[in-house]
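Trainee: I have a structure open and would like to learn how to read its features one at a time. Could you walk me through it?

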Amino acid sequence: MTLPKYVVPSSLTLPSTASTTQIYGTLRKHLIDYVSPSTDTLAGFVGTRIWVRAAPADPVFPYLTLRLDRTSLPAYNGYRETAILEVQGVGKPDSQLPLVESAMDIVDQAMTSLTARSSGLIVGRGRTRQTVPQLTDPADSSVVAVVANYELYLWPVVLTSRA
Amino acid sequence: MTAPLTGFSTTFPDDVVIDSGVLYAGANKFGAFAGGLKFDPGLTYRNIDFDGKRSPVKLLDRKMTQMPKISGTVIQLSTTNVTQIEPGADGATGSVAILAAGGWSGASVSYAPQRAGNLLVAGDYLTDVRAIWLRGNGKFVQVFLKSALCTKYDITSQDGAEIAIAIEIEARLDTSVTGYTNVGDAPYRIEYLDAV
């Protein structure tokens, strides 16, 4: 197993759970590829602006960010992990709130129906979601955001292929 | 260093069974459940006894009974569900005496459960009952009961939550069906499907 050292476009083998970077890439690809029953996709709302951890400087709004909190327990010899995928949908100005909420509806569908086993196993079913209250000075009150946490469980290759 | 001793293998992602599963009665879903489905094949074995026996002996086992049962908690109660959990219940449409006596009006349906002492008829049984679970590879595994009967249920309501109807559906051997004609035949199958 060769772990990615640098990530440039098309450098990652996806889908894969062989590394944390590839897990992020797999989840991001799932979000981009997901088509809702009403044929909506995230591309219609955020394009491909789905970033890991934070958006780049001077971002185009709206966008999504992904962040994982992962836990594995000795009960499964550390092979199985549970994870919380935090997805933030961010828009500006505040008229983008419906856009962000709609984008997050698609994320809800995609992440709570996720069963990915092309490499290891990733299953997502549950979630919590909050619309961020309006910010006040000195924060930018024109920024709107929705934060959702998706409960996943994984049998990732990065943990199950230990020597 | 030594890696952990574990049953995990590379085929695990394909073979793992996930989620609570779905119960079908015939071609239609039975309904929405809270929690998972439980299947108990109800097997009993007898290891033949003899004087001086000190432990169960290989090749002296005989399967004695198989009383398969699927159980779970359904959270809905449609009119179809009533006839599924009350085999032989008879629904009468229209103004029904007991409702009229209560001062209620409008179209009503009253289901009279099967009279005790009656022998059930073929149409009272559920057919093609399936508890289906999703496998990691996107395919399915199911427990299939060709003929079955809901033999037990109870209804529990609670504040701020859906109703809970605990049901038990037992298999019945239908000796008129090919593959089930011998009285010793198992009244259930475990089957793998590519699609549901």
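Trainee: How many helices and strands make up the secondary structure of chain B?

Mentor: Chain B comes to 3 helices and 12 strands. Keep in mind that this is a predicted model.

Trainee: What radius of gyration does chain B have, set against a compact globule of 196 residues?

Mentor: A compact globule of 196 residues would come out near 16 Å, whereas chain B has 22 Å. The C-alpha trace of chain B spans about 75 × 50 × 35 Å along its principal axes. As for burial, 16% of the 196 residues of chain B count as buried.

Trainee: Into which domains is chain B divided?

Mentor: Domain 1 takes in 12–45 + 53–87 + 125–193, and domain 2 covers 90–115. The C-alpha centres of these two domains of chain B are 32 Å apart. Their contact draws 4 residues from domain 1 of chain B and 5 residues from domain 2 of chain B. On the domain 1 side of that contact, chain B has 2 nonpolar, 1 polar and 1 charged residues.

Trainee: What share of the contacts in chain B with a separation of 6 or more comes from residues 24 or more positions apart?

Mentor: That share is 59% in chain B.

Trainee: Now the interface, please. How many residues of chain B are in contact with chain A?

Mentor: There are 12 residues of chain B in contact with 11 residues of chain A. Helix 1 (residues 12–15) of chain B gives the most to the chain B side, with 3 residues. By class, that side of chain B has 7 nonpolar, 4 polar and 1 charged residues.

Trainee: Let's turn to sheets. In what order do the 6 strands of the open sheet in chain A lie?

Mentor: The general idea first: strands of a sheet pair through backbone hydrogen bonds, either parallel or antiparallel. In chain A, the order is 1-2-3-6-5-4, with mixed pairing. Strand 1 and strand 4 (115–116) of chain A are the edge strands, each pairing on one side only. Strand 4 of chain A runs antiparallel to strand 5 (residues 121–131) of chain A, and 2 bridges join them. Across from A:Ala116 stands A:Ile122, in strand 5 of chain A.

Trainee: Which strands of chain A does helix 1 of chain A touch as it packs on the sheet?

Mentor: Helix 1 of chain A touches strand 1, strand 2, strand 3, strand 4 and strand 5 of chain A, and its direction makes about 165° with that of strand 1 of chain A. Helix 3 of chain A lies across strand 2, strand 3, strand 5 and strand 6 (144–155) of chain A, at about 10° to strand 6 of chain A.

Trainee: Backbone torsions are next on my list. Where is A:Pro15 placed?

Mentor: A:Pro15 is in the segment before helix 1 (20–33) of chain A, and the peptide bond leading to A:Pro15 from A:Leu14 is cis, with omega near -5°. Another cis peptide bond joins A:Lys92 and A:Pro93, with omega about 10°. A:Pro93 is in the loop between strand 3 (81–91) and helix 3 (97–112) of chain A.

Trainee: And phi: what value does A:Arg53 have?

Mentor: Phi of A:Arg53 is near 75°, a positive value in a residue other than glycine. A:Arg53 is in the loop between strand 1 (50–52) and strand 2 (63–72) of chain A. A:Asp58 is found in the loop between strand 1 and strand 2 of chain A, and has a positive phi near 50°.

Trainee: Is A:Asp58 buried or exposed?

Mentor: A:Asp58 is exposed, because 5 other C-beta atoms lie within 10 Å. A:Arg53 counts as exposed too, with 11 C-beta neighbours inside 10 Å.

Conventions: Residues are numbered from 1 along each chain as its sequence is written. Chains are lettered from A and ligands numbered from 1 in the order in which they are written. This is a predicted model: local features need pLDDT of at least 70, side-chain atom pairs count only at pLDDT 80 or more; totals for chains, interfaces and linings use all residues. Domain bounds come from an automatic or database domain assignment. Two residues are in contact if their C-beta atoms, placed from the backbone, lie within 7 Å. Ala, Val, Leu, Ile, Met, Phe, Trp, Tyr, Cys and Pro count as nonpolar, Asp, Glu, Lys and Arg as charged, and the others, Gly among them, as polar. Helices (H or I, at least four residues) and strands (E, at least two) are DSSP runs, numbered from the N terminus. The radius of gyration is taken over C-alpha atoms; the globule rule is 2.2 Å times the number of residues to the power 0.38. A residue is buried if 20 or more other C-beta atoms lie within 10 Å of its own, exposed if 12 or fewer, and partly exposed in between; C-beta atoms are placed from the backbone. Two strands pair if DSSP finds at least two bridges between them. Axes are lines fitted to C-alpha atoms, for helices over the stretch in contact, and angles run from 0 to 180 degrees between N-to-C directions.
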